[in-house]
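User: I have just opened this one and would like to be walked through how its copies sit together. Could you take it slowly?

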Number of protein chains: 4
Amino acid sequence: MLIVMKPDATSQDIERVNEEIRRRGWQPNAIPGGTRTAIGITGNKGAVEAEPFRVLPGVADAIPISQPFKLVSREVKPEDTVMQVGNLHLGGNAIHVMAGPCSVETREQIVGTAQAVKKSGATMLRGGAFKPRTSPYEFQGLKNDGLSLLAEARKETGLLVVTEVKDTATLPQVAEVADILQVGARNMQNFSLLEAVGETRKPVLLKRGLSATIKELLMAAEYIVAKGNTRVILCERGIRTFETMTRNTLDLNAVPMLKSLSHLPVWVDPSHGIGVRKAVPAMMRAAIAVGADGLIVEVHPDPPRALSDGHQSLEFSEFDKAMSEVRAIAGALGRDVARLG
Amino acid sequence: MLIVMKPDATSQDIERVNEEIRRRGWQPNAIPGGTRTAIGITGNKGAVEAEPFRVLPGVADAIPISQPFKLVSREVKPEDTVMQVGNLHLGGNAIHVMAGPCSVETREQIVGTAQAVKKSGATMLRGGAFKPRTSPYEFQGLKNDGLSLLAEARKETGLLVVTEVKDTATLPQVAEVADILQVGARNMQNFSLLEAVGETRKPVLLKRGLSATIKELLMAAEYIVAKGNTRVILCERGIRTFETMTRNTLDLNAVPMLKSLSHLPVWVDPSHGIGVRKAVPAMMRAAIAVGADGLIVEVHPDPPRALSDGHQSLEFSEFDKAMSEVRAIAGALGRDVARLG
Amino acid sequence: MLIVMKPDATSQDIERVNEEIRRRGWQPNAIPGGTRTAIGITGNKGAVEAEPFRVLPGVADAIPISQPFKLVSREVKPEDTVMQVGNLHLGGNAIHVMAGPCSVETREQIVGTAQAVKKSGATMLRGGAFKPRTSPYEFQGLKNDGLSLLAEARKETGLLVVTEVKDTATLPQVAEVADILQVGARNMQNFSLLEAVGETRKPVLLKRGLSATIKELLMAAEYIVAKGNTRVILCERGIRTFETMTRNTLDLNAVPMLKSLSHLPVWVDPSHGIGVRKAVPAMMRAAIAVGADGLIVEVHPDPPRALSDGHQSLEFSEFDKAMSEVRAIAGALGRDVARLG
Amino acid sequence: MLIVMKPDATSQDIERVNEEIRRRGWQPNAIPGGTRTAIGITGNKGAVEAEPFRVLPGVADAIPISQPFKLVSREVKPEDTVMQVGNLHLGGNAIHVMAGPCSVETREQIVGTAQAVKKSGATMLRGGAFKPRTSPYEFQGLKNDGLSLLAEARKETGLLVVTEVKDTATLPQVAEVADILQVGARNMQNFSLLEAVGETRKPVLLKRGLSATIKELLMAAEYIVAKGNTRVILCERGIRTFETMTRNTLDLNAVPMLKSLSHLPVWVDPSHGIGVRKAVPAMMRAAIAVGADGLIVEVHPDPPRALSDGHQSLEFSEFDKAMSEVRAIAGALGRDVARLG
């Protein structure tokens, strides 16, 4: 159920609706919009009757929601969510690109990469410190030392930092450094982690699981938003199919589908999406053309020597060239690619 | 094995190589290139020794081919194949768009659509006359009457005609009318049909099967080219995955992979690729951005009343708008979109 | 629409219903059952009104059919189809096993295999003469010579012969020799071939396509039955998934689903279903336990030297041991495994 | 690298090898076998030289391991792992069945179900207390109250209790009650949780992820065993494919593949594997026939009223009948189905 308030509803009217919701043992979730507020109800087990809410002052309508996601849906909030992170505004007309290595390896590597990707037009730096790996015998990241190096690279360049949080135990230390928390594909249905990042007030980049449907991605986002954290970025990063020539199958169909169902920004990870270095720039172009609001790209000073994902990381010069193409396509479609001052 | 001739090899030199191949019970397959000819060997069961060929006059090199496809591969022919069809050149810098209804239904429908899509910038008309359908109780097309209507629409507009050939029995009559023969996804491994279209000298639009790998698509094309028909267009049209919100998962990863492995033109069918009308323009844009050489798009004067595929067919005005975006993106990447005179 | 006749309806009553159906431009399809006849209607585009049929003499009921398959469904014919082929009855309580090499290679190979598998308890011999292959450079079978060798092996052993028909052009010669026509996975939606085998009166073993849904398999069978050939065996042979350790993923779920939806016999091909020789006996056991009515198993006198599919073919002794287990499981479930006299 | 000790190696010899491993900064992992001990090395980044170990006293051989899993592999430990849990021995010739509702709902429901499934031959009770759910608005389980009810049901019946642990935060309380910890499909690559259960000494039932390969399942098990917890049960529960008629596609191919690669017991969950109540018994039979060491089955006193998974839960009488078939098949293959005293 979604309670839509009139444009001239007072904060007193809103509080009255919230009280009625709480009185029934449910939670109200305010979703502020451009011209008016909507209030989602969560915590109800059965159906919610509309009538008792329709008669309250300031209420325009009470709409039963049929889809299993509510707070993230356009039915609840028709306008695009634009979120401020540092000085940047994500989710508006401007496209953002975050770039950097799969894993933070050394000070030189991460600061050098940050400087290079900033010059090419990235506004954010990605880099893994705590790395979930398929085998227990693979490199698991520099952990806290990696976080410190990311902070240093931010200080040097002004780039915002996105890094993955792999469990609730390390969430506090990761959240202290990261500007944006990344939840990885294998954790997309780690519901305890989703709830924990929902309780922080850090923006979250939520990656689609390897075999998650579009609807399941939206429900995973709903877990975060239901805890009060409305700054969620949805990220398509390739799904698992029968095709073996590419690491994953980048499902760009998901971008227009997500944009029509949800008000949240939709990003694309072309590096994991294809997993073949030479083809990453083509997928960057396609992602922008299809309507993505941002890209997350793996870039490394020396891909063949990377400790992880070297086969899909771009060199500085490859990234620079790809960014020109990204700007050309964005321009052709009337969008900007954001740059740092 | 691939015999690469020197740039100054004479036709006598080439014939000498062919004879040596035939003498062993194999078939030579000449692959003419811009500056020199290569000769693929087919019909051999075991390995082919290079030495006996290397010593022949006019031979530059004899290269063992490890991949299961030869004639369609870039190893054999590094330059892009450009094919003339009518007055058009497919496969070069210019992008072509074929558009039209899923099924030919009436004279008014097909001629009207042809005029509209020509005005918006299509150079070819698509329309099904013989329709393979999942259920025996679905509309199976107007058959020969549909072919006649396609021919009429061509006469009225000058658009080239592409239509599907569903079996060897109807191939002669379809080939009489079609400028390009379409082999549908469900027939991609109908090897007898592949051989039959390989024996015509009509260009072939070969659609990827629902669960065909990229390598299998190339081997299907190899069947056609091995019969001497070198004018094959590869077409990505969506694969079958676990996602149910879209009809198929358009695998745009396939485009750069195919372009790097093969010299054949690569096209995309965004209509079947997503199967959701409102999202088709986004996928058209993505296909151009990723590097496709052409598009095949379903357009219908009145989609809700179409006898088949109405849910994924664009109205004239939607197609017209999408074509503007296609031109903008092509322009941003230094490519043209071909138009009829 | 399905017209169900009363148990005491006369053949005149039935003909009267047929006439009413034909008068509307549709086709009647008689489906004889144990106690009464049902008549399926095909060829109708829109809905069929029940009333005009309900009032005819001898009609018990007229039932609208919602599923896209009719003639193959249990709604139309509740009892299991039992079909006579030679002296055998397929589809009843007794389980049948067909075994033999992927390809017919030599007289010694095929006759020797026939004798061995007969001794172990097979009632039918499989062997490919016309082979559809992914690459044009692979062994395509002995063709007509292969058919002759199969006929010879039948003469020597009394085993019935099943062999694949790959196209309509070779159907007449294959149908002359085969006791059962096999339609391969890649041809499951070759609708022209389905119609052609539907016009013969040979039993058909229809294999599920690599990415065909259970519903699509039933609709492919419907194509055959709608042409009047009611002797169709459905065969699960593995589907294509992301798992690469096995050749396919044998979908044994399909067996109980097909058995509940259709009256046709359901068989399993464990050899293609897993593609790993050592694991084939385990899958044979599972197929019998899940309720399959028959098995088709690849057996070769010398698997490592087979011209095709050696990696998944059993040796004679492996097959013999597996057949003992099959009999033990069938017995535990109250079913027999048929043997030749 | 795996160090295989001689049958007569002393514990002093073993300790000497361990020291050499630790001296290099790696961890030794003892894998006790029937006749001799093997020691796996973990924590090494690059290759390990065999020579320095081969010369130590008591060492039979030092074997480079190419597969990305070691401790769980048959190369390291050829004999089946048999684990004692309570008075039961899992992994030997006897098959075990755990049964119970998806979620613990009431005392009456869980105790009643425990009594019924015990009577039919189950040795363990399953029931969810902490439930991970796709949507935040679905029933999340009775949590600690659910654990108490499970303990009560155990006290009443003697059945061992298996229940899911959904995160590290609730692991201590779950481990206090559960005899076996279940790690669910969506957590199969929650590496922090895998490590945490690896640090307990509770047996773990590890379910295969929806899109996890067989190799990835083994690597997930490796995470647990590498922490010193060798009592892991691998559980196939269906993978995600294009087929929509069933909830998942039960991949019974995985059973013989896992049994040949690993010494750990392999179980099957037919309830999630097909998700269709009427077909669950068929899949139970198939799982036993294919070689599974155990089953986990959803049973509920009143499936249509279950708070979760009612569509795939068996009634008591259905389960009882299915268990008879399970015993018949096990008997036919020379295996027992364990019963409580």
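**How the chains meet**

Analyst: Every interface residue of chain B, that is 100% of them, is also an interface residue in chain D, so the copies meet through the same surface; contact here means heavy atoms within 4.5 Å. Please keep in mind that this is a predicted model, in which local features need pLDDT of at least 70 and side-chain atom pairs count only at pLDDT 80 or more, while totals for chains, interfaces and linings use all residues. Residues are numbered from 1 along each chain as its sequence is written, chains are lettered from A and ligands numbered from 1 in the order in which they are written, and side-chain values use heavy atoms, with hydrogens and water left out.

User: OK, how many residues of chain B are in contact with chain D, and what area do they bury?

Analyst: Four residues of chain B are in contact with four residues of chain D, and the two chains bury about 290 Å² between them, 83% of it on carbon and sulfur atoms. Buried area is the accessible area (1.4 Å probe) that two parts lose on being put together, summed over both. In chain B, the residues that lose the most area to chain D are Arg240(B), Phe242(B) and Thr244(B), which together make up 90% of what that side buries.

User: And how many salt bridges are there between chain B and chain D?

Analyst: The count is zero salt bridges, a salt bridge being a side-chain nitrogen of Lys or Arg within 4 Å of a carboxyl oxygen of Asp or Glu.

User: What turn lays chain B on chain D?

Analyst: A turn of 180° with a shift of 0.0 Å along the axis lays chain B on chain D with an RMSD of 0.0 Å, where copies are superposed by least squares on the C-alpha atoms of residues with pLDDT of at least 70 in both. That is the relation of a two-fold axis. In chain B, the C-alpha nearest this axis belongs to Phe242(B), at 2.1 Å from it.

User: Switching to chain A and chain B, what area is buried there?

Analyst: About 2900 Å² is buried between chain A and chain B, with carbon and sulfur atoms giving 75% of it, and the contact takes 39 residues from chain A and 39 residues from chain B. On the chain A side, Phe242(A), Met245(A) and Asn253(A) lose the most area to chain B, together 24% of what that side buries.

User: Which salt bridge could I look at there?

Analyst: Two salt bridges are counted between chain A and chain B, and in one of them the side chains of Arg208(A) and Glu243(B) meet at 2.8 Å, N to O.

User: Which helices of chain A supply residues to that side?

Analyst: At least two residues each come from α7 (214-226), α8 (254-261), α9 (270-274), α10 (280-290) and α11 (316-332) of chain A, and α10(A) gives the most, with six residues. Helices (H or I, at least four residues) and strands (E, at least two) are DSSP runs, numbered from the N terminus.

User: What superposes chain A on chain B?

Analyst: A rotation of 180° with 0.0 Å of shift along its axis superposes chain A on chain B, with an RMSD of 0.1 Å. Among the residues of chain A, Ala286(A) comes closest to that rotation axis, its C-alpha lying at 2.2 Å.

User: Back inside one chain, which residue does Glu325(A) meet in a salt bridge?

Analyst: The side chain of Glu325(A) meets that of Arg285(A) in a salt bridge of 3.1 Å, N to O. Glu325(A) lies in helix α11 of chain A and Arg285(A) in helix α10 of chain A, so the pair ties together parts that are 40 residues apart in sequence.
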